[in-house]
Amino acid sequence: MVLLTVVEDLFKDREPVPEMKAIYFITPVEKSVEVLIKDFKTKPKYKAAYVYFTDYCPDALFNSLKTGCGKSIRVCKEINISFLPQESQVFTLDNPAAFKSIYSSHSTDKKQTLEAIADQIVTLCATLDENPGIRYKREPLDNAKELANLVEYKLTKHYEMDENLKRKGKTHAQLLIVDRGFDPVSPILHELTYQAMAYDLIPIENDTYKYQLKDGSSAKDREALLNEDDDLWVRLRHMHVAEVSEQIPKLVKEIKANKKQRDDKITMSGLSQLMKKMPAFRKQLSQKTIHLNLTEDCMNHFNKSVEKLCKAEQDLANGADAEGQKVKDPMRTLLPVLLHPHSTSDKIRAVLLYIFSLNGTTEENLTKLIQHVKIENESEVILNWKDLGVSIISQSSLQRKSTRRDRSNEETYNLSRWTPLIKDVMEDAVENKLDSKEWILKSECPSSWNGSGAVSARQNPRHANQDDRRTGSRLIIFVIGGISHSEMRCAYEVTQAVKSCQVVIGSTHILTPKSLLDDIQALSKPPVATFEIIEEKA
């Protein structure tokens with residue numbers, strides 16, 4: 001058993017501990033390797049080094065490591081985990097900076113960024129033991145095509161390098177790659193499902209929710225981590241906030257009733273059982289208190305301003321009202337939002353939805369909208385969407401809108417009628433209905449795969465039960481440039497509906513409407529000039 005005494009940042013000053021061995025968990029990049037070599041170059045900081053790279057280490061770096069401190073290294077392994085498993089069906093590459101590198105006209109490292117992303121996707125596939133068939137969305141830009149080519153090449157190379165997996169054939173999985181501009185609507189709308197709403201309206205940073213717990217006349221500051229260790233969060237996160245606000249008070253009453261029932265009949269044996277259950281009881285009550293506060297925060301924002309926005313946003317996004325009547329004049333839908341004293345950010349979101357609904361507007365109309373919202377000095381937050389391949393100024397040639405799946409029979413709340421486009425893609429992929437002209441096959445997956453788990457017994461006889469089919473049929477979606485919480489939710493919904501095919505979704509990072517708008521605005525800013533100060537010797 002290995003006992004860790006301390007965990008430290010590689011790039012910060014560290015005290016030498018020459019009597020102890022050090023485990024290095026690092027990315028195989030020049031900066032990391034240089035620090036590692038420096039640790040052992042003159043006077044070793046540690047007794048020995050056990051090196052674990054998150055990804056394939058290039059030969060040049062490996063040779064530098066071997067030459068620089070090879071004698072001090074006891075273990076050197078590549079473990080292929082250059083990604084973050086954010087949730088059970090969601091992963092990220094933890095690289096928000098990739099957005100500017102890929103989409104900014106000032107970018108000088110787009111190619112290197114796509115190369116790095118491809119390497120990380122390969123480690124995901126290796127971890128899942130998949131060699132998927134790859135498809136990419138033809139529009140709106142060429143990034144998906146470029147990334148698909150890189151992933152296919154690197155996947156082939158990866159499996160050829162591993163003697164145990166050499167000539168590994170395609171597995172029963174598909175990898176779909178799509179650009180962020182494919183669906184500009186979903187990350188901009190006000191969402192009313194619990195997780196998406198909370199991350200949009202409440203200042204949650206690093207998945208940490210800060211709130212105040214009232215204790216008599218005083219209030220204490222509290223923090224809560226919103227992750228899958230919180231069973232109640234997992235249970236509630238994809239529900240509509242109206243359902244959540246009904247659920248939480250009931251759950252609190254239940255637990256208080258259980259406690260009261262225990263208190264009424266106390267015996268020695270009952271007391272013993274109560275003491276054993278107290279930690280679990282406290283945890284349950286704590287979780288319910290957290291979500292009671294978070295739900296109240298969300299509903300306060302909803303009642304204050306969001307409710308008035310949602311109808312207009314939904315009508316613009318869907319092109320029809322709650323009764324199914326087509327929106328003939330989107331400007332009439334937008335105008336009440338612009339005239340109401342909503343925040344500038346909310347008005348920008350509404351203007352964008354108006355423009356998206358028309359596939360672009362005229363320059364004259366756009367200028368008027370920008371003046372009305374009073375963002376003449378910040379107009380890039382609208383104009384820069386063109387860098388994602390989204391039409392802001394209407395083109396003379398007609399642009400074809402994506403054909404949507406018919407969801408008229410699905411039960412929805414009037415203020416939550418929009419379905420992210422990625423859900424259509426997931427369902428079409430599972431049913432083998434993707435348009436081959438829009439979704440280009442970079443590499444074929446086995447002809448027996450149809451996403452439903454109905455795999456040919458002759459080709460794969462070992463897939464006998466449901467769990468085996470689930471791991472055998474996997475759909476991996478990668479969105480370049482960030483995913484929204486509503487799109488993350490779709491992976492769970494489709495998996496639950498199909499049951500025999502697991503949908504996994506990932507991206508460079510997870511975004512919120514605010515972070516996306518900030519990133520869009522920053523696209524036109526040139527990189528900050530760097531310079532080095534050289535001190536002259538006297």
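## Exercises on a predicted model

Strand β1 (residues 17–26) and strand β2 (residues 46–53) pair in the parallel sense over 7 bridges, where two strands pair if DSSP finds at least two bridges between them. The model is a predicted one, in which local features need pLDDT of at least 70, side-chain atom pairs count only at pLDDT 80 or more, and totals for chains, interfaces and linings use all residues. Residues are numbered from 1 along each chain as its sequence is written, and side-chain values use heavy atoms, with hydrogens and water left out. Helices (H or I, at least four residues) and strands (E, at least two) are DSSP runs, numbered from the N terminus.

**Exercise 1.** Determine which residue of β2 stands opposite phenylalanine 25, and what unit β1, helix α1 and β2 make.

*Solution.* Step one: the residue opposite phenylalanine 25 is tyrosine 52 in β2. Step two: together with helix α1 (residues 30–41), β1 and β2 make a right-handed β-α-β unit; right-handed means that, with the strands pointing away from the viewer, the path from the first strand over the helix to the second runs clockwise.

**Exercise 2.** Establish how the buried residues of helix α2 (residues 59–69) are placed around its axis.

*Solution.* Step one: the buried residues of α2 are Leu61, Leu65 and Cys69, buried meaning under 20% relative accessible area and exposed over 50%, with partly exposed in between (1.4 Å probe, protein chains only). Step two: these residues cover an arc of only 40 degrees around the axis, so they are on the same side of α2; the arc is that of the directions from the helix axis to the C-beta atoms. Step three: on the other side of α2, Asp59, Ala60, Lys66 and Thr67 are exposed. Step four: the cover over the buried residues of α2 includes α1, β2 and β3 (73–78).

**Exercise 3.** Describe the surroundings of threonine 508, starting from its place in the chain.

*Solution.* Step one: threonine 508 is in the loop between β12 (502–507) and α17 (513–522). Step two: threonine 508 counts as buried because its relative accessibility is 1%. Step three: a polar contact of 2.9 Å joins its side chain to that of histidine 509, a polar contact being a pair of N or O atoms within 3.5 Å; within protein, one must be able to donate a hydrogen and the other to accept it, and residues adjacent in sequence count only if both atoms are side-chain atoms. Step four: leaving out residues up to four places away in sequence, threonine 508 touches residues including Thr92, Asp94, Ile117 and Phe478, where contact means heavy atoms within 4.5 Å.
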